[in-house]
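Dear colleague,

I am passing on the structure we spoke about, and below it you will find my notes. Please read them with the model open beside you.

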Amino acid sequence: MPKQPRPKTNVQRQSPICKPAHRRSSTPPSTVHFEKLYGANYLDISQYNTMHSEIGGLEEQLAVLRKAFWSKRELIAMTGAGISVNAGGEFLISLAGGILTASSVPDFRTLCGGKPSTELFNIDVYKSKKSTEKYHKMCVELFNKATKAKPTAFHYFLSSLCQNDRRRLRLRRHITQNVDCIETKLPSISPDENAGKGSFPATQQLHGRIDQMICQSCKKYLPFDPELFRGHEIPPCPECVKAETQREQALLDGRRALKSRGIGRLRPNVTLYEDFSLDELDISEWMEKDLLKRSPPDCVLIAGTRLKASGAAKLTKNICLAAKSWGSCGKESLVVYVNKEQPSFGRALDSLIDFRVHGDCDTFVSLIQGRGNAYC
Ligand SMILES: [Zn+2]
């Protein structure tokens, strides 16, 4: 059974600065540790093969989880690299993780020249021509991979929860740290559509998107053009060039013209460590308008992420706290954490999780839906 909900609603704005969360320990706790901590609410599906129907001794725990999960009405999903890992090519995990990918991904380390991923996704990539060129090369490669990637079972699962039916669980918001834009391939969860409630799309991309570039001066978003990122040159923004040309022409014609803002440079729209994230500001706005002023969700699914970035971890904690505030009305909420890897968040968030599932995200959605379930 899920733990008793907490009445506390101490929701705060998260910092817009993106940086790695404080490391708790270099050695992750063992599976045994979590079994002890969560008891019946710890489910290890890592050995389960979707090709086989036998789930062994897990059926009873699964039944409890299914019952609790499908009794809820509104879901907020916080996701990371783990939901895209089966999207077509192991390299995608580095893309899906965006700035947050673990340095243990072999392909990614090769591309980075053996460096940990955080170094290549740090604002320092613009400090030298060599590192800028390497960063551009990686972004072009990630963009090409993302273009070919296909939605996973987890993406389809989220999409299936977008139907407007008050009698069943509905996806209220999907917040992802992934920059792979796989969601754009399913209209109901596309960040380009206002499919979610209110004026916000169903999917909010916390750390940018690889299919866009952004001007550092005028802040305009443009579709990503791989041809512009073939070397170390940081391409000029065509919108700024156009404005500057018009301004110069106005001066030549003897007309009044605005003060020159200069010509901005284009960057891939991927959040870098120690950089400022416009997307996180958007999320803060949504937090205030949507989450805090309306009724909170009664279900939170954290999937495929270790929540290594402090901004994402704080945001998730706030969402969980909001969900737990249902406890003051005598209604139970549910927070489920699903991931292959052990999380890197602290005790405060840990204590808000009701059910921990160790394993693949696609396997989880297959099991939570169950055979012959109407939600498949
Ligand atoms: Zn510009």
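Is Lys219 buried or exposed, and how many other C-beta atoms lie within 10 Å? In this model, which is a predicted one, Lys219 is exposed, with 11 other C-beta atoms within 10 Å, where 12 or fewer is the cut-off for calling a residue exposed. I begin with this residue because most residues other than glycine have a negative phi. Lys219, however, has a phi near 65°, a positive value in a residue other than glycine, and it is found in the loop between strand 5 and strand 6.

Cys181 also has a positive phi, of about 60°, although it is not a glycine. This residue is found in the loop between strand 3 (170-176) and strand 4 (203-205), and Cys181 is buried, with 24 other C-beta atoms within 10 Å.

To set these two residues in context, the secondary structure of the protein comes to twelve helices and ten strands, and buried residues make up 42% of its 376 residues. Of the contacts with a separation of 6 or more, 74% are between residues 24 or more positions apart.

The loop that holds Lys219 leads into an open sheet of three strands, in which the order is 6-5-7 and the pairing is antiparallel. Strand 6 (221-223) and strand 7 (266-270) are the edge strands, each pairing on one side only, and the twist from one strand to the next averages 45°. Strand 5 (residues 208-215) is joined to strand 6 by three bridges, the two running antiparallel, and Gln212 stands opposite Pro223 in strand 6. Helix 6 packs on this sheet, where it touches strand 5 and strand 7, and its direction makes about 135° with that of strand 5.

Helix 6 (residues 129-148) has 20 residues and reaches 29 Å from its first C-alpha to its last, which is close to the 28 Å expected at 1.5 Å a residue. Within this helix, Tyr135, His136, Met138, Cys139, Leu142, Phe143 and Ala146 are buried. Seen down the axis of helix 6, these buried residues fall within an arc of 165°, so they line one face of the helix. The general background is that an α-helix has 3.6 residues a turn, so residues three or four places apart point the same way. On the other side of helix 6, Lys129, Lys130, Asn144 and Lys148 are exposed.

With best wishes

Conventions. Residues numbered from 1 in each chain as written. Predicted model: local features only at pLDDT ≥ 70, side-chain atom pairs only at ≥ 80, totals over all residues. Helix = DSSP H or I, 4+ residues; strand = E, 2+ residues; numbered from the N terminus. Expected span 1.5 Å × (residues − 1). Buried ≥ 20, exposed ≤ 12 C-beta atoms within 10 Å, placed from the backbone. Arc of directions from axis to C-beta. Contact = placed C-beta atoms within 7 Å. Pairing = 2+ DSSP bridges. Axes fitted to C-alpha atoms, helices over the stretch in contact; angles between N-to-C directions.
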